[in-house]
Amino acid sequence: MLVYNTKTRTKEEFIPQRSGEVRAYICGPTVYDYCHIGHARTYINFDVLRRYLEATGYDFIHVQNFTDVDDKITKRAAERGMTPIQLSDEFIEEYFRDMDALNVKRASRYTRASDYIGKIVEITERLMAKGIAYRSGGTVYFDVEGAGGFGELVSGIEGAVTDPIMSLGKRGPFDFVLWREGGAAEQSWDSRIGRGRPGWHTECVAMAMDSLGEVLDIHWGGMDLIYPHHECSALVARAITGKPFARYWMHNNFVTLSGEKMSKSAGNTAYIRDVLEGFRAEVLRTYLLSKGYRERIDYSEAGMERMEKTYDLMVEGAAEARKGGGGAGVSSCIKEYADAFFGALDDDLETGQALAVVERLSWEITGGAPDKDFAGASRIYDAVEGVLGIRLRR
């Protein structure tokens with residue numbers, strides 16, 4: 001199987017560190033609101049990768065975090081008269097409700113940033129001892145230049161990325177927060193480096209390495225995480241271990257609304273729960289797999305209505321293929337279809353091409369090609385359900 005590695009900007013053969021086992025980490029949501037269909041695309045595409053590797057014989061150990069330490073959580077909780085943990089609990093439950101509806105398999109383990117404060121403090125102390133982190137006022141920064149600079153996922157950055165609240169006292173424009181003081185109204189913890197709260201990038205390093213070891217096989221996330229989050233996380237991990245954080249970095253593209261990237265903070269959002277009031281979950285899953293994960297998808301109700309017809313055609317095709325109970329034989333026609341279907345998935349998880357194969361087969365099997373032999377077609381529909389995770393039901 002070939003996968004596109006963001007680190008090398010090329011497709012590479014996927015070879016895990018340990019024979020027969022894959023260790024993967026995916027960045028979870030910041031839990032202060034409901035999930036939108038951009039989140040759905042991330043977790044559905046990763047779910048297909050997991051299902052396909054499991055179907056080909058791998059044990060897939062999959063860890064996902066929840067970011068439950070964030071200013072947005074503190075603000076929303078205060079507005080609703082709740083504690084940050086209560087608010088996070090509510091939206092983690094909503095996350096599971098959405099993902100279960102979309103047939104996304106649950107992770108081997110879920111982690112929460114708030115449970116890893118001790119590990120994060122330990123990492124920060126180790127970096128300070130190495131001289132790669134420094135204190136400025138009440139904030140501990142990571143010294144990007146002192147650690148050798150960026151280069152894991154990005155070759156250069158135009159302009160400095162700074163936090164206006166935390167910009168004073170930094171040695172370099174790209175230096176980022178590892179730990180900062182927390183006020184009475186913020187989420188904060190007592191620690192050996194003072195009362196405060198962690199920076200975002202340190203959280204994922206602590207959770208991933210504690211759960212999966214120093215080097216991951218796969219680290220997945222949306223393309224918006226390439227910089228700064230994943231680049232900074234990779235630099236922190238390498239500074240601690242001297243090893244690359246992940247062998248394969250994989251990133252899915254955006255879902256847009258009217259051409260604009262979907263974002264909760266920008267108010268440009270289609271929530272999963274709202275979409276599922278008008279469409280079946282299976283149709284949304286099919287829609288979000290109708291292009292390869294590295295292609296952009298523009299969401300519209302008209303597009304969903306068209307996809308509903310495609311989905312219904314596949315359901316009819318599956319029903320027709322299963323009438324004979326499957327049988328033992330596979331016709332040459334179906335072998336060609338199977339080769340095209342699995343060949344698409346082997347080529348960097350091209351789900352759009354794989355679905356196009358199934359759509360064509362469904363058209364032919366329901367009357368478009370009455371003279372063809374479709375023996376064994378049910379196996380392809382089994383793969384649609386088992387690998388693509390699209391439940392074919394009326």
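Buried here means under 20% relative accessible area, exposed means over 50%, and partly exposed covers what falls in between, using a 1.4 Å probe and the protein chains only. With that cut-off, E94 counts as buried at 15% relative accessibility. The model is a predicted one, so local features need pLDDT of at least 70 and side-chain atom pairs count only at pLDDT 80 or more, while totals for chains, interfaces and linings use all residues. Residues are numbered from 1 along each chain as its sequence is written, and side-chain values use heavy atoms, with hydrogens and water left out.

To start with the overall picture, the protein chain holds 12 helices and 14 strands; these are DSSP runs numbered from the N terminus, with helices being H or I over at least four residues and strands being E over at least two. Its C-alpha atoms fill a box of roughly 80 × 45 × 35 Å along the principal axes. The radius of gyration of the protein chain is 23 Å, which agrees with the value near 21 Å for a compact globule of 394 residues. That radius is taken over C-alpha atoms, and the globule rule is 2.2 Å times the number of residues to the power 0.38.

Of the 394 residues in the protein chain, 55% are buried. Contacts (heavy atoms within 4.5 Å) reach far along the sequence: among those with a separation of 6 or more, 76% are between residues 24 or more positions apart. The accessible surface of the protein chain is about 16,500 Å², and 47% of this belongs to carbon and sulfur atoms. Such areas come from the Shrake-Rupley method with a 1.4 Å probe, and for residues only the protein chains shown count as cover.

Now for the charges. Lys and Arg count as positive and Asp and Glu as negative, with His and the chain ends not counted. On that basis the protein chain carries 49 positive and 59 negative side chains, and the centres of the two sets lie 2 Å apart. Each charge is placed at NZ of Lys, CZ of Arg, CG of Asp or CD of Glu. A salt bridge is a side-chain nitrogen of Lys or Arg within 4 Å of a carboxyl oxygen of Asp or Glu, and the count comes to 38 salt bridges.

A few of these pairs are worth a look. R51 and D47 form a salt bridge with an N to O distance of 2.7 Å. Both sit in helix α1 (residues 37–55), 4 residues apart, or about one turn of the helix. R51 is buried at 8% relative accessible area, and D47 is buried at 2%.

E94, met at the outset, has R97 as a salt-bridge partner, at 2.9 Å from N to O. The two are 3 residues apart in helix α3 (residues 84–101), and so are separated by about one helical turn. R97 is partly exposed, at 45% relative accessibility.

The salt bridge between R238 and E152 has an N to O distance of 3.1 Å. Because R238 lies in helix α6 (residues 226–241) and E152 in the loop between β7 (139–142) and β8 (176–181), this pair ties together parts that are 86 residues apart in sequence. R238 is partly exposed, with 34% relative accessible area, whereas E152 is buried at 11%. Elsewhere, D71, R180, E186 and R197 are linked in a network of salt bridges.

Helix α6 also holds E231. E231 is buried yet has no salt bridge, and R9, the nearest side chain of opposite charge, is 7.7 Å away. Leaving aside residues up to four places away in sequence, E231 touches F150, G151, E152, L153, V154 and I226. P228 has its place in helix α6 too, and a cis peptide bond with an omega of about 10 degrees joins Y227 to P228.

Backbone angles bring R9 up again. R9 is not a glycine, but its phi is positive, at about 60 degrees. R9 is found in the loop between β1 (2–5) and β2 (10–13) and is partly exposed, with a relative accessible area of 44%. N103, also not a glycine, has a positive phi of about 65 degrees. N103 lies in the loop between α3 and β5 (109–112), and at 19% relative accessibility N103 counts as buried.
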